[in-house]
Structures are given as structure tokens and as C-alpha cells.
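Please walk through this protein chain with me, moving from single residues to sheets and then to the chain as a whole.

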Amino acid sequence: MRSRCPLEERLLQKRNSRENLDRFIPNRSAMDFDFAHYMLTQGKKGKENPSRYGRDYRKQLAEAMNMNRTRILAFKNKPPAPVELFPSNFSSLPQDKPANHKPHRHIPQTSERTLDASDLIDDYYLNLLDWGSSNVIAIALANKVYLWDATDCSTSELATFDVERGPVTSVSWAIDGRHIAIGLDNSEVQLWDSTANQYLRTLRGCHRSRVGSLAWNNHILTTGGMDGRIVNNDVRIRSHIVETYRGHEREVCGLKWSASGQQLASGGNDNLLHIWDNRSVAPTQWLHRLEDHTAAVKALAWCPFQRNLLASGGGGNDQCIKFWNTHTGACLNSVDTGSQVCALLWNMNERELLSSHGFTRNQLTLWKYPSMVRIAELTGHTSRVLHMAQSPNGCTVASAAGERLNFWNVFGDPEEVKPAPKEPFAHVNRIR
């Protein structure tokens, strides 16, 4: 058998390879060149001089010589089977999920626990609920402040105020989760040590009437009063008043410092939203005066994942959630919720925003940001949901309305928390 030269081997290998399937190569040994030549030359002449003898003769000749065929080129081998780009059982093979794939999160439609909170004052302009970094909730009920420890399920009464000072109009935990500020109806603010259950001091002279909003910025306690004034208090020194902001004409019902501690947002019953910046030459002069809301601005929430993004909510005549670029003062978006906006909370693990509402449904609504598509609506309160507070791990939200305190696992468990945290306030059925 004659050996093939290297070039021929390469050609044959290329022909048999699946990488070259664009054409078929004729098999020369299976071809009849005499018949091909006859058909190209003599066959044409026969057609030009058709006769019965000629036709009969050609028919007999073709039968005798097995020339009754019409194909000139012949292929000895069958064409190869088509190449499967994907195996037939490809769909059943295990496939790696994309790195950013997250399983669908189940959002319970009912509260995990409902607690009795009688004597909760139904006043839109007050701030009576806060959840501290030590996992303890503070709630003001009439003239008393109660503490709820989510770790050991204990409850205690922190302070009781007489009629001349009370009722309590605001509560706010310091960042250490130990010290708490309590605003009172008589314009005073008291500081307490929750661990020692001990009164520390009283801040006087800040306001002329009740103190409905509080916000901490390290050692600075910012207070907002019914007189429209905003005061920065350095709690470390005796003469605690260090700065006073004047911009609101009516009661200040919303105060929030940004995470950086550089900007302060204030909302008032005059339908105004102010942005203050302590880096400016005149820090007590507002940086932006925003007049887009048509009702009181109480609900304020700084975005945890985008700097200079603030969400604000308007009262009954406004019913809108607005998003602001606090660097430029531009309104980025406005969404009509259809009901009074009482409080706002960002999800610390996802791009979501939770809002609580008043009439007519008294619901909590979870929104996807920035599309603002409704993800879920949580119902369970029978009166407007004036207050919300978020647990330190960002999983659970407490909402207060009427005489009820509900707990919702609306934000789910963060990925880094394993196993899931204990259910807050297990086996606790009543505040008192």
C-alpha cells in the first residue's frame, strides 16, 4: 500500500476534521468521465437532430451500458452528521448560578409579634419610638418611658414625669446605645443612663415649648421644638447650647443627621424641608430650602448606600415621598403614595425603602428603589402608623400605632448573619 505524503495526510485530516464541514470533495474513482464527455458533446447533437431511430438507439445503449443516470459527480461517502453545538442533555446538566444571583426573599404579610402599648399618644408631630444600638427599644407612653431588651426579653420602666413636665414628646438613643435623650412637653430635655437606670442632667433654655424631635451627632444632641428653632447641644459641657438654626416658622417635627455627620435634614409643620451643612462658612444658615411638599414634613431617611441622597415624606395633604440630592438641592423623584406618610426606613442590605402611612389603610409599604415599584404592603394596624424603628442588624422593624406595637421581619436576614438572629422580644406579651 502506497504511503501518503505529509501534505496529503494533512489534507485528509483536515477533510475528516469537524472544523471543515463547509463543502464536500468529489470522489474521482466513482465518476464516469466517458459518460460525462458524451453527455456534454454527443448528447447535445442528438437533441439537435431528433429521430425515432436515434432515440431508440440511445435508450438501448444506455440500458446496455448502465448509463441511465443523470448525475455526473458522485460521492462515495455519506455526508457527516451535523455537529451538535450543545449536548442533548445540556438542560439537565448542573449549571453554576451567576455570582450575583440571589434567591427570592419571602416577606411575611403578618407581624411576627403584636404587643400592647396603651397610652401611646396619637400625635403626628411627636417622635416616641427608638431602637438603640444595644438592641433595646425605648417607647414613650404618656408620662412614662419604657425599655424593652430584645436580648433577654426583659422590660423595665426608665422614667416617670409629673404633669408639669410631661407628657413625653420625643425619645432618642445616643450612638453608644446606653445614653438616651428624652424631650418633654415643658421644653426641657433630660439625659439618662439606661444601664444604671440613672438620671444625668437636664438641658434648659433651648426652646420655649415642647421638644418633639431629637437627633444625635456624636456628642452633639440636636433638638427641634414647637417654636420652630433647632438647637445644637454639646452634652459634655455645662453651657450646652453651641448653635441655633433658624429657618422654620412652625413646629420642627423631623430631624436626621447624615451618616457622615456633616449634613442635617429638618422638616417642619410649615411644609418646609431644610438642609444644613456644618462645613459651610455659616453652618447655621440653611444650605437648601426645599418647598416642594404641601404638608408637614416629618418622615426623613438618609440613604445608607448613596451619599447625599435623602428621602422625605409629606403629611395628609401631600402624601408624597420625594428623593433629594442634598449636594445640589435637586428633587430626583416624587411618588404619590395615596396616604399620609408618617415614617421612612431604608433597608441596610438591599435597595429598598419602607414607608408607614396613615388614613385610609394605615399600612406599611415596601418599595424597590429607584423604580419605586411596590414590593409588599403590610397591614395589621387599625390607626395611622406614626412611628417606626429598625433593629441594629437591620432585619426587624418595629411599628407603633394606636395601642399596638408590631414587629415585622420585612427586611429579611442579612447574608453575614448566620444563624438568623433570635426573634425579638420572645415570650413578651405586654409592655406592662
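## A walk through the predicted model

Leaving out residues up to four places away in sequence, Met388 touches Leu129, Ala343, Leu344, Leu345, Leu354, Ser355, Ser356, Leu364, Val397, Ala398 and Ser399. The model in which these contacts are found is a predicted one. Met388 itself sits in strand β26, which covers residues 387-390, and its relative accessibility is 10%. Because buried means under 20% relative accessible area, Met388 counts as buried. One of its contacts shows how the fold brings together parts of the chain that are separated in sequence: Met388 and Leu354 are 34 residues apart along the chain, and their C-alpha atoms are 9.5 Å apart in space.

The strand that holds Met388 can now be placed in its sheet. Four antiparallel strands form an open sheet in the order β1-β28-β27-β26. Strands β1 (113-116) and β26 are the edge strands, and each of them pairs on one side only. From one strand to the next, the twist in this sheet averages 20°. At the β1 side, four bridges join β1 to β28, and these two strands run antiparallel; within this pairing, Arg113 has Phe407 in β28 as its bridge partner.

From this sheet we can turn to the nonpolar core. The largest nonpolar core has 33 residues, and those that touch the most other members are Leu129, Ile139, Leu158, Phe161, Val168, Ile182 and Leu405. At least two residues of this core come from each of the strands β2 (129-131), β3 (136-141), β4 (144-149), β5, β6, β7, β27 (397-401) and β28 (404-408). Strand β3 gives the most to the core, with six residues. Leu405 offers a closer view of the surroundings of one core member: apart from neighbours within four places in sequence, Leu405 is in contact with Arg113, Thr114, Leu115, Ala117, Leu129, Ile139, Ala398, Ser399 and Ala400.

A further sheet deserves a look. Here four strands form an open sheet in the order β14-β15-β16-β17, with antiparallel pairing. Strands β14 (252-257) and β17 (288-290) stand at the edges and have a single partner strand each, so one side of each has no neighbour in the sheet. The twist here averages 15° from one strand to the next. Strand β16, residues 273-277, pairs with β17 in the antiparallel sense over three bridges, and His274 has Arg289 in β17 as its bridge partner.

The loops between strands hold details of their own, and Asp227 is a good place to begin. Asp227 lies in the loop between β11 (220-225) and β12 (229-234), and with a relative accessible area of 15% Asp227 is buried. What does the side chain of Asp227 make a polar contact with? The partner is the side chain of His207, at 3.2 Å. Not counting residues up to four places away in sequence, Asp227 touches Cys206, His207, Arg208 and Ser209.

Other loops can be followed through the geometry of the backbone. Ser187, in the loop between β7 (179-184) and β8 (189-193), has a phi near 85°, which is a positive value in a residue other than glycine; Ser187 is also buried, with a relative accessible area of 13%. Asn308 likewise has a positive phi, near 65°, and is a residue other than glycine. Asn308 is found in the loop between β18 (297-302) and β19 (309-314), and with a relative accessible area of 26% Asn308 is partly exposed. There are also cis peptide bonds to find. The bond from Gly166 to Pro167 is cis, with omega near 10°, and Pro167 is placed in the loop between β5 (154-160) and β6 (168-173). The bond from Phe359 to Thr360 is cis as well, with omega near 15°, and Thr360 lies in the loop between β23 (352-357) and β24 (364-368).

Finally, we can step back to the whole chain. How many helices and strands does the chain have? There are four helices and 28 strands. The chain has 432 residues, of which 47% count as buried. Among contacts between residues at least 6 apart in sequence, 48% join residues at least 24 apart. The chain exposes about 23,900 Å², and carbon and sulfur atoms supply 50% of that area.

Terms used
Residues numbered from 1 in each chain as written. Predicted model: local features only at pLDDT ≥ 70, side-chain atom pairs only at ≥ 80, totals over all residues. Heavy atoms only, no water. Buried < 20%, exposed > 50% of the residue type's maximum accessible area, 1.4 Å probe, protein only. Polar contact = N/O pair within 3.5 Å; in protein donor to acceptor, adjacent residues only side chain to side chain. Contact = heavy atoms within 4.5 Å. Areas by Shrake-Rupley, 256 points an atom, 1.4 Å probe, with all protein chains shown as cover. Core = buried A, V, L, I, M, F, W, Y, C linked by side-chain atoms within 4.5 Å. Pairing = 2+ DSSP bridges. Axes fitted to C-alpha atoms, helices over the stretch in contact; angles between N-to-C directions.
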